[in-house]
Amino acid sequence: MRRTVARIGVVAALALSVGVVTAQTPPARADEPAAGLVSATRANDDEMNYAINLALGVSAEDFQRALALVPSVKGAALASYPQIGTFFAQSATPSFAPDMAAALKDAGIPIHSIGPTRTQGVLYYERVTLPTGEDTPAGDNAAADNAAAPGGLAFAGDEAATEAQAGAEERIFNWGAETMHAREAGAVSVERAPVTVAVVDSGVEDTHPDLEGRVDTQRSVKCSVNGVATQDFYGWRDEFYHGTHVAGIIAANHNDIGIDGIAPQATIVAIQATNDNRLIYPEYVTCAFMWAADHGVDIVNNSYSMDPWVYWSPTDPEQAAGLEAATRSIHYAQGRGMAVIAAAGNEGVNIDNPTIDNGSPTDAATPTKGRAVEGGIRVPSMIDGVAQVSALAQAYNVAPGLSLARADFSNYGTTIDFAAPGDQIYSTAPLLFYLSGYAVADGTSMATPHVSGVAALIKSVHPEYTGAQVIDLMKKQAARNYGELNAPWDGKEYRGSGFLDALDAVLKDQPRPVIGQIEYSRDGTAWAPLDGQELSGSVSVRATVSGPMTSARVLVGGGEVAAATGAGELTGNVVTLRADGVDVSALSGEQVVRVEASGRNPDPRADDDAASSAAFTVTSGGEDTHEAVAGQWISDSLGWWWRNADGTYPASTSMRIGGELYRFDARGYMVTGWVSEGGRWYYHGVSGAQASGWLSVGGTWYYLDPDSGAMASGWVNLEGTWYYLDASGAMRTGWLRDGSVWYYLRASGAMATGWVLDGGSWYYVDASGAMVTGARVIDGVSYVFDPSGRML
């Protein structure tokens, strides 16, 4: 399908941040200052928001006492977070910070830092009612409207949006999801736990068709007014494009319209955190992470950099408080098990060793040039434990096919964690502003949600993982694909751990069943490890399988002797496989007992299955021959069942008795007829013994695996002859179309090759069995066959 889309240039998609450079990661927060870091008295009396960070470990009582002191120094308390010892306040009093510090000192309450969250007064709609005094009339000294402040996206440049070519096919723009195999990953039917991804951004348009059902409207929130969480109906919806674009990359439905998200089953929680100037201040960030931490979020996507400082100094009293508040909230969220993913930035600079910043403060009319930033911290990407993402572009004339390299706008350095598609990314956009509902954008903002989507997939497969474990596994998987990324020709390292593939997330490193020690017994009472033993006669064999097992079986000498099914639960799922009366005397020499357990992922490419083997040697036995657990067949009005010597009986399992394999239902009665177990079909005759090989039931032929007894389907090669069994297992005869190829199966079921006479017409099928059409030379003679294969 085709759509007319809007093209958003690199300038307009700069990760919801200004030019940012990151350094080698310093400590996540400053060491606790002895007397606290307190900002100086301000030069004006604009309403200003402040972060107040009490010393870590203050009591709940002291926290409430601290809040109660705010009005006494002509301030109004805003959002408060006793969990992390931080709250925010607003005041028009220039000396609020030192006055608050003095009040807390007098109250005996230690602090870490107090300081402003921005450099300009609050926006008009953020002003709150403040305590008044003779020196400070309420409302008379507020900044006019802050409309000229050029920070955030405005600082990065004016938006450059143009219509895409009318004939452009959207698959070209959706190259990121295609390269990461999002569609293929979505088709894997592995069991997935619910996962929630918070998009901290400009909001999300939940009514977009490609996001239908993906956004949790009950948990979405707005944090961009003084950092106070509000769930007003329209508050968290997107009035720009950025958040909706990000959300689509993460979780757009696989519905054959628009785009494919990386994790289409993920739930999005929209956290609107940008003000009218597209700025994201510390109180907004803190609100976002505290909300996410307390509302069941698993992954937090951060396609922005916290304003107004490109690098926040942990030792500058004017910056330390905002940095500390945001850092505490991020660590709180990480402590609650969240994986935090963040954009590296779009200035095309080395983030390992920054020294100078020319872009801060982002909320001032004119940023300061040449600001020294050694030891500064970009938030959130440089906070400890946050995964930092660089952007990839499609490189041409480098290698045959699709080639991946750093997008020239992307920041780089050895502190990058992952590289993901971020150039010309096609995704969802609010219909109110983009009539097609889609736009193309560039930036590490677009790369980051590709990584967040993979994080969501991994969390869905490994719901027991913490955020740190999710990131660690992503690094392991990305490393496998490191070779997919072009080495930097200019020495600008950007690759991090490597390249993530969504298909790996649902096929590789899967939860596996755990197989215990394989044991044997001669009398059904005393058990010993089987590996390395010499056995003869009849014995009992057992093994315990735990963890996410859906089916398991025991094979002795290649033949199945016991099987069971499980619920596939990650915990509390334990099954003991036991086979009594296993006659090893029918075997000879070195033999193996093998236990196989299938995990939760039915895809044959998945690595979630487990196996364990124990070797033994068959001996002649002599006087050492013993019968395994004795037992006998019992018949009652309901059927046949097997009673062990100790009075127990097998149920919901299979057992080899007298060399034949029998299955027993949940009540312990012998099963006859077709049985489905572990996704495979088996057949037991009227005697109860499991059948194998060719089997005729009701006039239809089936083929059962000689070793396992499992019914075959599809193509089967037996002694050099091909047969085809349909999905029901029935052997096919006559003409068969498989894909686009026709085959002919004789009355015996054998696939024909060479000449075939059918219905009075001659056909020719080649050595592969495929029917030929058109002109063909056979044995030196030219023949022509019509489109239906008939010889003319």
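This is a tutorial dialogue on how to read some features of a predicted model.

User: Where should a reader start, and how many helices and strands does the protein chain have?

Analyst: Start with the overall counts. The protein chain of this predicted model has 12 helices and 45 strands. Of its 792 residues, 57% are buried.

User: What share of the contacts comes from residues 24 or more positions apart?

Analyst: Among contacts in the protein chain with a separation of 6 or more, 69% are between residues 24 or more positions apart.

User: Let me take one helix. Which residues of α1 are buried?

Analyst: Helix α1 covers residues 60-69, and its buried residues are D62, F63, A66 and L67. Looking down the axis of α1, these buried residues fall within an arc of 145°, so they line one face of the helix. E61 and A68, on the other side of α1, are exposed.

User: What covers the buried residues of α1?

Analyst: The cover includes three strands, β3 (48-54), β4 (75-81) and β5 (86-91), and also the helix α2 (96-106).

User: How is the packing of two helices described?

Analyst: Two values are used for packed helices: the angle between the axes and the distance between the axes. Here, helix α10 (residues 444-461) packs with helix α11 (residues 467-480) at an angle of about 110°, and their axes are 10 Å apart. Angles of 65 to 115 degrees count as roughly perpendicular, so α10 is roughly perpendicular to α11.

User: Which residues meet where α10 packs with α11?

Analyst: From α10 come V451, V454, A455, I458 and K459, and they meet V470, L473, M474 and Q477 in α11. Sorted by class, this contact has 7 nonpolar, 1 polar and 1 charged residues.

User: Next, aromatic rings. How is a pair of them described?

Analyst: A pair of aromatic rings is described by the distance of the centres and the angle of the planes. This structure holds 26 aromatic pairs. One of them joins W641 and Y649: the ring centres are 5.9 Å apart and the planes are at 70°, so the pair is edge-to-face. The cut-off behind that reading is that planes over 60 degrees apart count as edge-to-face.

User: Are W641 and Y649 buried or exposed?

Analyst: W641 has 18% relative accessibility and counts as buried, because buried means under 20%. Y649 is partly exposed, with a relative accessible area of 45%.

User: What kind of aromatic pair do W715 and Y724 form?

Analyst: W715 and Y724 form an edge-to-face pair, with 5.1 Å from centre to centre and 70° between the planes. W715 is partly exposed at a relative accessible area of 25%, whereas Y724 is buried at 16%.

User: Which residues do ring pairs link into a cluster?

Analyst: A cluster linked by ring pairs is made of W755, W762, Y764, Y783 and F785.

User: How do I read the setting of a single residue, such as N601?

Analyst: Look at its place in the chain, its burial and its contacts. N601 is in the loop between β28 (589-598) and β29 (610-618). With a relative accessible area of 4%, N601 is buried. Apart from neighbours within four places in sequence, N601 is in contact with V188, V190, V506, L507, Q510, A606 and D608. M549 is 52 residues from N601 along the chain, and their C-alpha atoms are separated by 9.7 Å.

User: Now the backbone. Which residues does a cis peptide bond join?

Analyst: One cis peptide bond joins D307 and P308, with omega about 5°. P308 lies in the loop between β11 (299-302) and α9 (320-335). Another cis peptide bond joins V379 and P380, also with omega about 5°. P380 lies in the loop between β14 (371-372) and β15 (387-395).

User: What is the phi of D509, and what is that of E719?

Analyst: D509 is not a glycine, yet its phi is positive, about 55°. D509 sits in the loop between α12 (502-507) and β20 (514-515), and is buried, with a relative accessible area of 13%. E719, also a residue other than glycine, has a positive phi near 50°. The loop that holds E719 lies between β38 (714-718) and β39 (721-725). E719 has 85% relative accessibility and counts as exposed, because exposed means over 50%.

Key
Residues numbered from 1 in each chain as written. Predicted model: local features only at pLDDT ≥ 70, side-chain atom pairs only at ≥ 80, totals over all residues. Heavy atoms only, no water. Buried < 20%, exposed > 50% of the residue type's maximum accessible area, 1.4 Å probe, protein only. Helix = DSSP H or I, 4+ residues; strand = E, 2+ residues; numbered from the N terminus. Arc of directions from axis to C-beta. Contact = heavy atoms within 4.5 Å. Axes fitted to C-alpha atoms, helices over the stretch in contact; angles between N-to-C directions. Parallel < 35°, antiparallel > 145°, perpendicular 65-115°, else oblique. Nonpolar A, V, L, I, M, F, W, Y, C, P; charged D, E, K, R; others polar. Phe/Tyr/Trp six-rings, centres within 6.5 Å; stacked < 30°, edge-to-face > 60°.
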